[in-house]
Structures are given as C-alpha cells and as structure tokens.
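Okay, thanks for coming, everyone. Let me put the chain up on the screen and walk you through it.

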Amino acid sequence: MPHKVLLVTLNWSTLTELPYLFKQAGCEVHIACPKNNALIKTGFYDHWLDTGAFMESLLSLLINLVKVKDNEYHYILIGDDPILWEIYTRNITALKALLPIHAESALPILNKVGFAEHCHKQGISSPPFKGINCLLSAKAALEILGLPIVIKKNYSNGGLGVSIFKEAQAYNDFMAAYAFDMPLLAQQFIAGELIGVDALFKHGKLLQYACSVEIDPGLGPSTRRRYFHADGKIGTILKKIGESALLHGFANVTLLRETSSQHYYLIEADPRPTKWVAYARWFGCDFIEPIKYFLADTTDKHDYVMPPLDTTGIDCWEVEFFPAHATKLFNQGRTDEAIRHLVDYKRNTRYTLYDPILLEAKMDSVKQSMVFESSSQSVIHNPQENKK
C-alpha cells in the first residue's frame, strides 16, 4: 500500500509544485486547503479536503483528523509559516506532533529571537545579535552592534518585517514609534550575498539540500534564481541545525555569505518547503529518493547515503519562476523582458510541462495580469497603469 500524505496550506501557491514530488515517490497525495484558492490546480493529487477559508476552520479540521486513532495519514506536511506559528504560540497540544521540530527545547526557533539564541547556544555560525523588548534595550543594541544595524520583528511571514538602518536618527525614530507589542531582533549588518537552501531532514538527519542564489532581488523574493553545486561548508551548518533542533521535514534555509571572507552565517531556517523544491531536480538535485527514505518506517541513520548531484546535460543553471517572474516584470513596466520570459522554453516553460493542469493554471494567471485592446495590433499594458 502506498503511503498517504496530506499537504496542508491556507495559500495553495506555497505548495503548488509539491504534489508531483510525492507522487513520484509513490505516495497517495491528499490536499487540505480552502476552496477559495481557485480549487486545486495540479494533476498529481488523489483527494482534496476543503479546510474552510479561515485559520480557525483549518486548525479544527486538523485537530479532528489527529484525534482519530491510527488516522489514515502516514505524514502530514504543513506548508505555511502562519499555521506553524499558531500551533506553537497557542500551544495546541493535539497538533504539536505535526510541528517539524522534534526537540522541545528548539521550538522557539520558530521566532527570530529564539532562532538567534538557539544558534548561539549550539555554536552555529550566525550574526551577532541582541533581543529588544523596550527602548532601553534598543539603545543598548545600537551601542553593542553599531551601524548599519538589521532589525527584524520576532515573527514575520514572507520576508516582511525586516529593516536596515544606516543612521542613528532613523533607528531611534523607529524605536520611538514602535509599540513593542512584539519583541525585535537586532543583528549586526554583514555585507554579503544571500544563499537560499531547500533541505529535507529526517529526525534531525540531513537527507538532501539544493543551493541557489536569488537574482534581481529588486523584483521581490523567489522569482529568479541561480543554482550551484552543493557546498560542504553549507552542508556542515545544515547538519548542525538539523541535529540540534531534530528537524523532521523540509526546511527553507537562508544563509549569508560574507563578501570579504566568504564565511557563511545562518540567518533563518523556516521548517517548511518552498515551491522551489521541485525545481531542484532540473539542476541535478534529486529529492524523490530522499522523500522515499523520509517516509520509510526505518529509523536507521546509517543506511542512507545522500544522492550525488547529477549535472549531466545541464548547460544553464538559472531559472525564472514561471510565470510569477513575468507578472512582476509586467507590473514594473518591463514588458519586453516579461515576454522573453514567457517564450523562453529552455529556461522557464519546460519546468512546468510535467503537469499540463498546472501549466494551464499558470497561463490563466498570466492572462489575468495583462489587458489586451482590440486594434490593428494587440497591446500589452502594465496592469498598474490601468489604476491611474
């Protein structure tokens, strides 16, 4: 009998590429998300559960599922930071087993201050930091860390809640206006390049990871990346965070590679997958065999060998996420670049052809982001211009 897995999310776009991987690993795939996510756009699932449109209804559905003794799911994957945060902060006992952090003492890594403190205690390379919970501690943080200084809200989703201050006045003004309803994390600013890593762990053991660099970050996060060979130094850091927190599942990891020294600092490790996981297979990084091992009942950590990176036939290591990158280009008035993205089969379109239903859904999203006029020539307009 195939393993049954349940993919859970409030926003289907966060997991849209994942069903394929689990299907290829031989699983029966069920999906739980709201029906207002325009139904499910993928050809690789067996059953869909409507969670209702709100967090409360989703959590209730999960609680009812796990209450059933020997429920049908071998694995339940939660794909959203907000869901993990609610389970953690509310201390929902019935759902704590679904959190992909199996070390009780490491659960605070779900917030920024807790993550920084965990790295410090475990000897994991991360930027110097200080927690801030009042104006007095804000003043102390600036004195200790200096300028520029990075400030992060203790919990934020999707890369929001991060500010960099280069001047003391701007920093002091921000702190004076801040309500301190949530602690802040202050970190020393380190000039360097951000590295994105998708990783999979089983009871703390690192099974696989794919490394990439974000390109053209001015367009927003995760629309264009350049993959590169797995770096042993990154692997060492991943193993430390995996073993110390007993991570169990996917993790979206961010590291900073310092410009001058090329030293790596761990910035965050959100215990959930990203839509980029499926793309890694096009760049020699297999997650399917690791998923099979992850789901296997064995707990023997010594019988697993990480699949080697297979770069045979790879002549282009860059990819633009199709078609989200085009939408952002259209919205910035970069129409020529957007069209090139849409017709670039070698680098973009072919990564979606594995699922015709998903490809159709993506093309529909492109149509919705553009406006065509009936004339001798069709003209593509920037949607933002229509609002002027």
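Quick bit of method before the numbers: accessible areas here come from Shrake-Rupley with a 1.4 Å probe, and for residues only the protein chains shown count as cover. On that basis the chain exposes about 18,300 Å², with carbon and sulfur atoms supplying 53% of it.

Now the small print. This is a predicted model, where local features need pLDDT of at least 70 and side-chain atom pairs count only at pLDDT 80 or more, while totals for chains, interfaces and linings use all residues. Numbering runs from 1 along each chain as its sequence is written, and side-chain values use heavy atoms, with hydrogens and water left out.

So, overall shape. The C-alpha trace spans about 65 × 60 × 45 Å along its principal axes. The radius of gyration, over C-alpha atoms, is 22 Å, which agrees with the 21 Å or so of a compact globule of 388 residues (the rule being 2.2 Å times the number of residues to the power 0.38). As for burial, 49% of the 388 residues count as buried, meaning under 20% relative accessible area, with exposed over 50% and partly exposed in between, again with a 1.4 Å probe and protein chains only.

Secondary structure: eleven helices and 14 strands. Those are DSSP runs numbered from the N terminus, helices being H or I with at least four residues and strands E with at least two.

Cysteines next. How many disulfides does the structure hold? Zero, taking a disulfide as two cysteine sulfur atoms within 2.5 Å. Cys27 is in none, and its nearest cysteine sulfur, in Cys285, sits 18 Å away. Cys27 is also buried, at 4% relative accessibility. Cys33 is at 0%, so buried too, and its sulfur is 18 Å from the closest one, that of Cys27, which is too far for a bond.

Now for the backbone oddities, and where are the cis peptide bonds? One joins Leu147 and Pro148, with omega about -10 degrees, and Pro148 is in the loop between α5 (135-145) and β6 (149-153). Another joins Phe322 and Pro323, omega about -5 degrees; Pro323 falls in the loop between β14 (318-320) and α9 (324-331).

Then there's positive phi in residues other than glycine. Phe180 has phi near 55 degrees, in the loop between α6 (168-177) and β8 (184-188). Leu246 has phi near 50 degrees, in the loop between α7 (232-245) and β12 (249-258), and at 31% relative accessibility Leu246 counts as partly exposed.
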